[in-house]
Amino acid sequence: QVQLVESGGGLVQAGGSLSLACAASERTFTKYAMGWFRQAPGKEREFVAAISRTGDATDFADYVKGRSSISRDYANTVYLEVHNLKPEDTAVYYCATDIEYDNVLGHPRFWGQGTQVTVSS
């Protein structure tokens, strides 16, 4: 069982940036692809970004493409940055992981508890 703990959420003004981190409990962290999802009030959870286990491949949802980045260190943490925030970016952001990169893009096996990000206009 992989445990994931997100941090860095909070209240941000529109036009600002958010920086989220996700720490994994798994000692073999480098075997796992990592991703971020979000769920806005009244909406289904949706994919935001993913990074392969080696960090050489990344994917982004269209609505954050060009204004976000995802990275990982060689310890146990993955990071997400989103710039030029809009009120519609308000959501609970979840970290997720799976051995298979394709699963991280859609249906990862392990999830964090989520961190709230609120963008004020």
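**Strand pairing in an open antiparallel sheet**

Strands S1 and S3 run antiparallel and are joined by four bridges; here strands (E, at least two residues) are DSSP runs numbered from the N terminus, and two strands pair if DSSP finds at least two bridges between them. Val 5 has Ala 23 in S3 as its bridge partner. The model is predicted: local features need pLDDT of at least 70, side-chain atom pairs count only at pLDDT 80 or more, and totals for chains, interfaces and linings use all residues. Residues are numbered from 1 along each chain as its sequence is written, and side-chain values use heavy atoms, with hydrogens and water left out.

The side chains of S1 alternate. Leu 4 and Glu 6 point to one face and are buried (under 20% relative accessible area, 1.4 Å probe, protein chains only), whereas Val 5 and Ser 7 point to the other face and are not buried.

Strand S3 (residues 18-24) is also joined to strand S8 (residues 77-82), by six bridges in an antiparallel arrangement. Within this pair, Ala 21 has Tyr 79 in S8 as its bridge partner. The open sheet comprises four strands in the order S1-S3-S8-S7, with antiparallel pairing. Strand S1 (4-7) and strand S7 (68-72) form the edges, each pairing on one side only. On average, neighbouring strands of this sheet are turned by 15° against each other, direction ignored; strand axes are lines fitted to C-alpha atoms, and angles run from 0 to 180 degrees between N-to-C directions.

Asn 84 lies in the loop between S8 and strand S9 (91-98). The phi of Asn 84 is near 50°, a positive value in a residue other than glycine. Asn 84 is partly exposed (between the 20% limit for buried and the 50% limit for exposed), with a relative accessible area of 45%.
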